[in-house]
Amino acid sequence: MMNIYLDYSATTPLDRRVLQAMMPYFEMDFGNPSSVHVRGQKAEAAVENGRESVAKVLHCLPEEIIFTSCGTESDNLALRGGALAARKERGAIRILTSKGEHPAVSRTAEQLADVHGFCVKWLELDEFGMVRPETLIDALDEKTAIVSVMYANNEIGTIQPIAEIANLCRGQRVLFHTDAVQAGAYLNLDVDKLGVDMLSLGAHKFYGPKGIGVLYARRGTSLLPQQTGGGQEGGMRAGTHNVAYIVGLAEALRLTFEERDERREHVMPLRDQIIGTVLEEIPDSQLTGHPTDRLPGHASFVFKDADGNRLLQILDAAGFACSSGSACKTGSPKPSEVLLATGLSREWALGSLRVTLGMPTTAKDVEAFLRVLPGAVEKARKRH
Ligand code: PLP
């Protein structure tokens with residue numbers, strides 16, 4: 001039975017080289033970086049080397065790197081920590097974010113509104129899922145605590161004009177955060193070129209371990225810590241360091257940076273083959289997200305009147321692991337809010353499919369998938 005993984009936006013396998021770099025910190029070098037003795041010092045050196053290595057890729061200072069437990073935690077710290085600090089310091093009460101954000105950002109913004117009385121403005125997406133920078137101009141003012149717009153979208157792959165948005169925020173002296181969890185595997189992460197104040201990453205999207213993330217926070221950024229306790233991470237994120245995972249994240253990011261061109265070149269033609277074939281061979285199909293400004297390994301579609309959940313099950317039974325843009329559950333279909341925000345109707349949005357590629361994906365995998373997909377869509381359209 002075939003078992004082809006086409007869901008690299010959900011997570012990636014751990015790179016063997018990364019695992020090798022991590023192993024000593026589970027075994028011999030198991031010390032707590034906060035301990036004074038030699039074992040502790042060794043662990044501390046590993047964390048600080050990791051921090052420097054991450055800072056090199058992000059083109060920032062090591063002290064601007066905060067290690068967290070995942071991309072979600074980084075987003076929470078940026079948004080909640082940034083919003084609460086801005087209100088405390090200057091009475092700012094508005095949050096600007098987009099209709100395309102991952103729940104790590106959107107649910108946090110909703111909670112800040114419900115529990116803390118912030119006012120959230122949801123920036124519109126265009127038909128390609130893009131936030132037009134000009135939509136920010138009228139919305140930005142001195143009452144704005146923070147703006148958060150993702151770098152690349154997980155459901156539809158669209159890459160946002162982050163540098164332009166950052167520039168507008170800087171002009172108004174408003175804090176700008178970007179969720180770069182999907183962008184981390186392929187896009188430029190130079191925070192100076194991007195002009196962002198904060199940027200979130202999660203290691204498991206670029207062949208690192210699950211359960212470890214980074215928040216870059218520009219020097220001088222006011223953040224209210226979300227996890228209080230010992231003074232780790234400059235007091236911004238208390239808790240004993242996850243040394244082996246920090247080492248793993250740093251090594252995975254270093255390799256991603258070094259091999260970025262090669263990785264892009266591997267997945268991009270395969271992605272284009274999938275997009276071309278689907279649009280040509282499957283009637284009533286549409287690409288979602290931007291046709292060119294999209295993640296290199298990301299293909300996403302909607303099929304009119306198809307049941308996206310059923311399509312995933314049919315593909316899974318045929319040996320292909322994909323994902324859907326929608327959070328639909330059998331019996332209570334709920335179309336993806338992101339797809340609806342791009343202007344798609346329910347009939348289209350419910351039939352969504354996301355196919356994401358990675359380094360292990362081969363041309364043969366893609367060919368096998370494309371042989372099966374048209375029949376699978378046809379079946380997922382039949383009403384029983
Ligand atoms: N943000 C985006 C855009 C994501 O795609 C994801 C994961 O799918 C997250 C945040 C959450 O990251 P993590 O799984 O590291 O918590």
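**Strand pairing, ligand shell and aromatic pairs**

Phe176, in strand 6, is the bridge partner of Val147. The model in which this pairing occurs is a predicted one. The bridge belongs to the contact between strand 5 and strand 6 (residues 175-179), which pair in the parallel sense over 3 bridges. Strand 5 also pairs with strand 3 (residues 94-98), again in the parallel sense, and here the number of bridges is 4. In this second pairing, Leu96 stands opposite Val147 of strand 5. Val147 thus has a partner in Phe176 of strand 6 and also faces Leu96. As for its surroundings, strand 5 (residues 144-148) has 5 of its 5 residues buried, so the strand is largely enclosed by the rest of the structure.

Strand 10 (residues 298-303) is likewise mostly covered, with 6 of its 6 residues buried. His298, Ser300 and Val302 point one way from this strand, while Ala299, Phe301 and Phe303 point the other way. The residues of both groups are buried. Strand 10 has antiparallel pairings with strand 9 and with strand 12. With strand 9 (residues 285-287) the pairing runs over 3 bridges, and Phe303 of strand 10 is the bridge partner of Ser285. With strand 12 (residues 352-356) there are 5 bridges, and Ser352 of strand 12 is the bridge partner of Val302. Val302 and Phe303, which have these partners, point in opposite directions from strand 10.

The model also contains a ligand. Its shell consists of Cys70, Gly71, Thr72, Asp75, His102, Met150, Asn154, Asp179, Val181, Gln182, His204 and Lys205. By residue class, the shell divides into 3 nonpolar, 6 polar and 3 charged residues. Helix 3 (residues 71-90) supplies the largest share of the shell, with 3 residues. Polar contacts to the ligand involve both backbone and side-chain atoms. A polar backbone atom of Gly71 lies 2.8 Å from an oxygen atom of the ligand. For His204, an N or O atom of the side chain is 2.9 Å from a ligand oxygen atom. For Lys205, the corresponding distance between a side-chain N or O atom and an oxygen atom of the ligand is 2.6 Å. On its own the ligand has 390 Å² of accessible area, of which the protein covers 87%.

A search for aromatic pairs across the whole structure finds 4. One of them is formed by Phe26 and Tyr245, whose ring centres are 6.1 Å apart and whose planes stand at 90 degrees, an edge-to-face arrangement. Phe26 lies in the loop between helix 1 (16-22) and helix 2 (38-58), and Tyr245 lies in helix 8 (residues 243-258), so this pair ties together parts that are 219 residues apart in sequence. Both members of the pair are partly exposed: the relative accessible area is 43% for Phe26 and 25% for Tyr245. Phe320 and Phe369 also form a pair, with ring centres 5.6 Å apart and planes at 65 degrees, so this pair too is edge-to-face. Phe320 is part of strand 11 (residues 320-321) and Phe369 is part of helix 13 (residues 363-381), so the pair links parts that are 49 residues apart in sequence. Phe320 is buried, at 1% relative accessibility, and Phe369 is buried at 0%.

Helix 13 also contains Ala363. This residue is partly exposed, with a relative accessible area of 39%. Its C-alpha atom is separated by 19 Å from that of Ser9, which is 354 residues away along the chain.

Positive phi values occur at two residues other than glycine, His59 and Glu233. For His59, phi is about 60 degrees. This residue is found in the loop between helix 2 and strand 2 (65-68) and is partly exposed, at 47% relative accessibility. For Glu233, phi is near 55 degrees. Glu233 is placed in the loop between strand 8 (213-217) and helix 8. Whereas His59 is partly exposed, Glu233 is buried, with a relative accessible area of 9%.

How values were computed
Residues are numbered from 1 along each chain as its sequence is written. This is a predicted model: local features need pLDDT of at least 70, side-chain atom pairs count only at pLDDT 80 or more; totals for chains, interfaces and linings use all residues. Side-chain values use heavy atoms; hydrogens and water are left out. Rings of Phe, Tyr and Trp (its six-membered ring) pair if their centres lie within 6.5 Å; planes under 30 degrees apart count as stacked, over 60 as edge-to-face and the rest as tilted. Helices (H or I, at least four residues) and strands (E, at least two) are DSSP runs, numbered from the N terminus. Buried means under 20% relative accessible area, exposed over 50%, partly exposed in between (1.4 Å probe, protein chains only). A residue is near a molecule or strand if one of its heavy atoms lies within 4 Å of it. A polar contact is a pair of N or O atoms within 3.5 Å; within protein, one must be able to donate a hydrogen and the other to accept it, and residues adjacent in sequence count only if both atoms are side-chain atoms. Accessible areas come from the Shrake-Rupley method with a 1.4 Å probe; for residues, only the protein chains shown count as cover. Ala, Val, Leu, Ile, Met, Phe, Trp, Tyr, Cys and Pro count as nonpolar, Asp, Glu, Lys and Arg as charged, and the others, Gly among them, as polar. Two strands pair if DSSP finds at least two bridges between them.
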